[in-house]
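Welcome, and thanks for opening the viewer. Please keep the selection tool at hand, and we will go from stop to stop together.

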Amino acid sequence: MEVTRNLDCNTKRGQKFIESQKETGRLVERLFNVAVQHTADDAEKFDCHIYRGELIGLGEIKTRPYFNRRLKTACTLEKLTHEGYLITAEKLDILSEQSAKLGVTSYLFVNLPNDRKLLVFKVADRLGKFFMDFERKRTTTKYSCNDYKGDTIRENAFIPIEGNNHFKSFDY
């Protein structure tokens with residue numbers, strides 16, 4: 001599989017995001033006694049495969065020091081509990097599709113370094129069925145990790161934390 005070179009993740013800023021993703025992958029490995037294999041192709045639409053001897057899951061990995069990067073508002077579990085977790089809806093759809101294709105559960109892992117917490121959302125079962133209901137709404141967000149590219153409007157998902165039985169947080 002060829003590695004794509006002209007993506008936002010290949011910029012200096014993007015490489016910092018990728019390193020944070022890999023650090024969070026190592027955290028997942030330690031907390032859950034699994035092996036996290038990051039996807040080899042930078043253009044892959046999800047971040048990792050999860051193994052415990054055999055493939056048992058796949059995941060999207062995020063690190064969120066800021067709730068709002070422009071305002072430098074710290075991202076904390078308390079703040080997210082009230083607001084929900086915002087993610088591009090397409091990412092959840094891809095996790096669902098890949099869960100069905102590979103016959104494994106998909107997860108969203110969010111590292112909150114300000115709280116020293118790892119948030120874990122079960123996204124879809126091995127048939128691709130979402131575990132939780134979430135709201136979809138077209139909103140304005142940053143185009144990418146490269147803030148100079150400005151804003152874009154896209155369909156985002158708002159995953160609830162409060163009352164979500166498929167969410168857990170872990171201290172580290």
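## First stop: a pocket

The second largest pocket holds about 270 Å³ of space. Keep in mind as you look around that this is a predicted model.

To find the pocket, select Phe32, Tyr107, Phe109, Val120 and Lys122, which lie nearest its centre among the 15 residues of the lining. Now colour α1 (12-32), β2 (48-52), β7 (105-112), β8 (117-124) and β11 (167-171), the elements that give two or more residues to this lining. Which element gives the most to the lining? Look at β11, which supplies three residues. If you colour the lining of the second largest pocket by class, you will see ten nonpolar, two polar and three charged residues.

## Stepping back: the whole chain

Zoom out and switch to a cartoon view. The protein has three helices and eleven strands. Follow the chain from the N terminus and the elements come in the order α-β-β-β-β-β-α-β-α-β-β-β-β-β. The protein has 172 residues, and 40% of them count as buried.

## Rings

Next, show the aromatic side chains. How many aromatic pairs are there? The count comes to five. Go back to Tyr107 and Phe109, two of the residues nearest the centre of the second largest pocket. Their rings form a stacked pair, 5.7 Å from centre to centre with 25 degrees between the planes. Phe109 is buried, with a relative accessible area of 4%.

Now select Phe121 and Phe167. Their ring centres are 4.9 Å apart and their planes stand at 45 degrees, so this pair is tilted. Phe121 belongs to strand β8 and Phe167 to strand β11, so the pair links distant parts of the chain, 46 residues apart. Are these two residues buried or exposed? Both Phe121 and Phe167 are buried. Add Tyr85 to the selection, and you have one aromatic cluster made of Tyr85, Phe121 and Phe167.

Two more rings are worth a click, each with a lysine beside it in the selection. Pick Phe67 and Lys79: the charged end of Lys79 sits over the ring of Phe67, 4.8 Å from its centre. Then pick Phe158 and Lys137, where the charged end of Lys137 sits over the ring of Phe158 at 5.3 Å from its centre.

## Salt bridges

Side chains of opposite charge can pair when their charged atoms come close. Searching the whole structure finds seven salt bridges.

Start with Glu60 and Lys62, whose side chains meet in a salt bridge of 3.0 Å, N to O. Glu60 counts as buried because its relative accessibility is 1%, and Lys62 is buried too, with a relative accessible area of 14%. Add Lys91 to the view: Glu60, Lys62 and Lys91 are linked in a network of salt bridges.

Move on to Arg136. Which residue meets Arg136 in a salt bridge with the closest N and O atoms 2.5 Å apart? The partner is Asp93. This pair links distant parts of the chain, with Arg136 in strand β9 (residues 135-142) and Asp93 in helix α3 (residues 89-102), 43 residues apart. Arg136 is partly exposed at 34% relative accessibility, and Asp93 is partly exposed at 23%.

Keep Arg136 selected and add Glu155, since Arg136 forms a salt bridge with Glu155 as well, the closest N and O atoms being 3.6 Å apart. Glu155 lies in strand β10 (residues 151-159) and Arg136 in β9, so the pair ties together parts that are 19 residues apart in sequence. At 35% relative accessibility, Glu155 counts as partly exposed.

## Last stop: two loops

Finish with two backbone details. Select Lys72 in the loop between β4 (66-68) and β5 (73-74). Lys72 is not a glycine, yet its phi is positive, at about 60 degrees. Is Lys72 buried or exposed? With 54% relative accessibility, Lys72 counts as exposed.

Then jump to Arg116, in the loop between β7 and β8. Phi of Arg116 is also positive, near 55 degrees, in a residue other than glycine. Arg116 is partly exposed, with a relative accessible area of 46%.

Conventions:
Residues are numbered from 1 along each chain as its sequence is written. This is a predicted model: local features need pLDDT of at least 70, side-chain atom pairs count only at pLDDT 80 or more; totals for chains, interfaces and linings use all residues. Side-chain values use heavy atoms; hydrogens and water are left out. A salt bridge is a side-chain nitrogen of Lys or Arg within 4 Å of a carboxyl oxygen of Asp or Glu. Buried means under 20% relative accessible area, exposed over 50%, partly exposed in between (1.4 Å probe, protein chains only). Helices (H or I, at least four residues) and strands (E, at least two) are DSSP runs, numbered from the N terminus. On a 1 Å grid over the protein atoms alone, a cavity is a set of points where a 1.4 Å probe fits but cannot get out, and a pocket is an open set with protein on both sides within 12 Å along at least five of seven lines; lining residues have an atom within 4 Å of a point. Grid points are joined across faces, edges and corners, and a volume is the space filled by probe spheres set on the points. Ala, Val, Leu, Ile, Met, Phe, Trp, Tyr, Cys and Pro count as nonpolar, Asp, Glu, Lys and Arg as charged, and the others, Gly among them, as polar. Rings of Phe, Tyr and Trp (its six-membered ring) pair if their centres lie within 6.5 Å; planes under 30 degrees apart count as stacked, over 60 as edge-to-face and the rest as tilted. A charge sits over a ring if NZ of Lys or CZ of Arg is within 6 Å of the ring centre and within 35 degrees of the ring normal.
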